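The exercises below are meant to be worked through with the sequence and the model side by side. Try each task before reading the solution that follows.

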Amino acid sequence: MARFLTDLRVDLRVGALLGLRVGLLVGLLLALPLRAWAQPLQVGSKRFTESYILAELAVQTLRGAGLEAEHRQGLGNTAVVAAALQAGAVQLYPEYTGTLARELLRLDGQPSAAELEALLAARGLRIVARLGFHNGYSLALREADAERLGLRTLSDLAALQAPLRIGLTHEFLQRADGWPALARAYGLPQRPGPALDHALALQALQDGQIDLSDVYTTDAQIERQRLRVLVDDRAFFPRYDAVLLARTDLPEPARQALAALEGRIDAATMVRLNAQAELDGRSFAAVAQGFLAAQGATTAATAATTATTTAATTAEARPGFWQRLVEPDLPRLLGEHLLLVAGSVLLALAVGLPLALWADARPRAAALVRGAVGLLQTVPSLALLAVLVALLGRIGFWPALLALALYALLPIVANALAGLAGVPQGQAQAGRALGLSEAQLLRHVRLPLALPVLWTGVATAAVLNVGTATVAAFVGAGGLGERIVAGLAVNDPALMLAGALPAAVLALALQAAFGWGLGWLARRKGSRSHRA
């Protein structure tokens, strides 16, 4: 028992010293994203074109009124962005009344405007602007197929005997007003295939890979692809009037500024704005700025920015890969990505190395530690992010940092244990014979000999986290994943590649840098051996 306590004190003391040093570096890195409490208003959006555009309209309107605002892009589905709103991570985002009734409030019917406002107020939420158009869900298929099969309504689909390849979006498969309830209401016998991203589902329809998918009635692709939208003849779907949903503590100047968007957008205008982003390749910000400039709702500064942006984005119908790659947001995205990777790896090192030192002297504990950090690798990244967002009550940098740090633990802990186990027993015995304490032996003999293996684990964690960090864009943490998520929303391969390629180059650069560092450690070790 006495030896156990002695070993424990030694391991904890050395581990604490090492963890403190690494922790200081972590603290410096983590201090970078901290801001004053008086930060800009955060406007969220879901992961589809129209939500991006409406959020940008809100941001540009707030800025035009002299208020600071930022767009937290593509925060995933309704559940994620609504949770972010209620937690205060964002102050407002575009939503639809039908989604509010069915998904957020879990109502079966369609409440009146007054009832909806009262129910939202009980949750600390309010509608600050009704934008003026309805964007409902429906099912659509190619016009030629619809004519051949005689399909005009959802009741016709229920009576259809011919097989159809159905590809629905992830959210529509799970929503209270989505496929399960729709199939029950109409008695639809069909079974959908694997879930698809919205933009990819429309592309699959165009390419003939699927026959039927869910669509929004303001989708720009409906007319371009000659799709037939099936009529909801039993009025299953509620009305989906577009609104800006905000917290009740939204500052009054912001509420007054956003009220200027009340009733300003009709369905035809929204289809046109969606088409500018999806079909013409304009950025979401440029689309929003162009609309506000046409409406006379921008300041002189915003109008000047609009002219510049419009000239740049309309010079080519859809910007190519090179234009997407060198857009002005590249330095910011790279900086955010590097901060996520470096911060998460250092945090994992600060936790993982002391943990490995403690477990090294306890074989049973080492097995449990290896199993625990290995188990973390089996949790899907989006699921882990969703859990951390719920636990922390916020989106953005912190849940993404913690998720990446948890993923980085396995290579760091496993390699630290392997490196320590690989130290020759003769070296340790020689150190003890010279009178070294266990702490001195660990610091001057075992850790230096284990360092190359530990270094390889840190390198593996860093390179893996470069790729995993792209998923952080789904919770508003920024980074190169922003381009990938936005590219998915508008089915723009050039934009997706403009995010994926820099991430790949960054991973290769880190691999090369760690490889050089490993060679330097080997040369230093050889130099010491030669002098000895």
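For the first exercise, note that helix axes are lines fitted to C-alpha atoms over the stretch in contact, and that the angle between two of them runs from 0 to 180 degrees between N-to-C directions. The model used throughout is a predicted one.

**Exercise 1. Two helix pairs**

Describe how helix H17 packs with helix H22, and then do likewise for helix H13 and helix H14.

Solution. Two packed helices are described by the angle between their axes and the distance between the axes, and these two values are the place to begin.

Step 1. The axes of H17, which covers residues 330–360, and of H22, which covers residues 438–468, come within 10 Å and cross at roughly 145 degrees, and this crossing is right-handed.

Step 2. On the H17 side the residues that meet the partner include His337, Val341, Leu349 and Asp360, while on the H22 side they include Leu442, Arg446, Leu454 and Asn465. Sorted by class, the contact of H17 with H22 holds twelve nonpolar, three polar and two charged residues.

Step 3. For the other pair, H13 (residues 267–278) and H14 (residues 284–295) pack at an angle of about 145 degrees, and their axes are 9 Å apart; the crossing of H13 and H14 is likewise right-handed. Thr269, Leu273, Gln276 and Ala277 of H13 make this contact with Phe284, Val287 and Phe291 of H14, which by class gives five nonpolar, two polar and no charged residues.

**Exercise 2. The chain and its cores**

Give an account of the protein chain as a whole, and find which residues touch the most other members of the largest nonpolar core.

Solution. Step 1. The protein chain has 24 helices and eight strands, and of its 532 residues 51% are buried. Among contacts with a separation of 6 or more, 78% are between residues 24 or more positions apart.

Step 2. The largest nonpolar core has 139 residues, and the members that touch the most others are Leu120, Leu139, Leu157, Trp179, Leu182, Leu245 and Leu258. Helix H20, residues 397–421, gives the most to this core, with 14 residues.

Step 3. Apart from the largest core lies another, of eight residues, including Ala140, Leu202, Val215 and Leu227.

Step 4. Taking Leu157 as an example, and leaving out residues up to four places away in sequence, we find that Leu157 touches Leu139, Leu151, Leu164, Leu188, Pro189, Gln190, Leu212 and Leu230.

**Exercise 3. Helix H9 and its surroundings**

Identify the buried residues of H9 and the elements against which they pack.

Solution. Step 1. The buried residues of H9 are Trp179, Ala181, Leu182, Ala183 and Tyr186, and they pack against strand E5 (137–142), helix H7 (154–159) and helix H8 (170–174).

Step 2. Just after H9 comes Gly187, whose phi is positive, at about 65 degrees.

**Exercise 4. Two residues with polar contacts**

Decide whether Asp197 is buried or exposed, and whether Thr99 is buried or exposed.

Solution. Step 1. Asp197 is found in the loop between helix H9 (179–186) and helix H10 (198–207). Its relative accessible area is 11%, and because buried means under 20%, Asp197 is buried.

Step 2. The side chain of Asp197 makes a polar contact of 2.6 Å with the side chain of Arg47. Setting aside neighbours within four places in sequence, Asp197 is in contact with Arg47, Thr169, His170 and Leu488.

Step 3. Thr99 is found in helix H4 and counts as buried because its relative accessibility is 3%. A polar contact of 2.7 Å joins the side chains of Thr99 and Arg175, and, residues up to four places away in sequence not being counted, Thr99 touches Lys46, Thr78, Leu104, Arg175 and Tyr240.

**Exercise 5. Positive phi in arginine**

Locate Arg106 and Arg226, and state what phi each takes.

Solution. Step 1. Most residues other than glycine have a negative phi.

Step 2. Arg106 has a positive phi near 60 degrees; it lies in the loop between helix H4 (97–104) and helix H5 (113–121), and it counts as exposed because its relative accessibility is 57%.

Step 3. Arg226 has a positive phi near 55 degrees and is found in the loop between helix H11 (221–224) and strand E7 (227–229). With a relative accessible area of 60%, Arg226 is exposed.

Key
Residues numbered from 1 in each chain as written. Predicted model: local features only at pLDDT ≥ 70, side-chain atom pairs only at ≥ 80, totals over all residues. Heavy atoms only, no water. Helix = DSSP H or I, 4+ residues; strand = E, 2+ residues; numbered from the N terminus. Buried < 20%, exposed > 50% of the residue type's maximum accessible area, 1.4 Å probe, protein only. Left-handed = near helix turned anticlockwise from the far one by under 90°. Contact = heavy atoms within 4.5 Å. Nonpolar A, V, L, I, M, F, W, Y, C, P; charged D, E, K, R; others polar. Polar contact = N/O pair within 3.5 Å; in protein donor to acceptor, adjacent residues only side chain to side chain. Core = buried A, V, L, I, M, F, W, Y, C linked by side-chain atoms within 4.5 Å.
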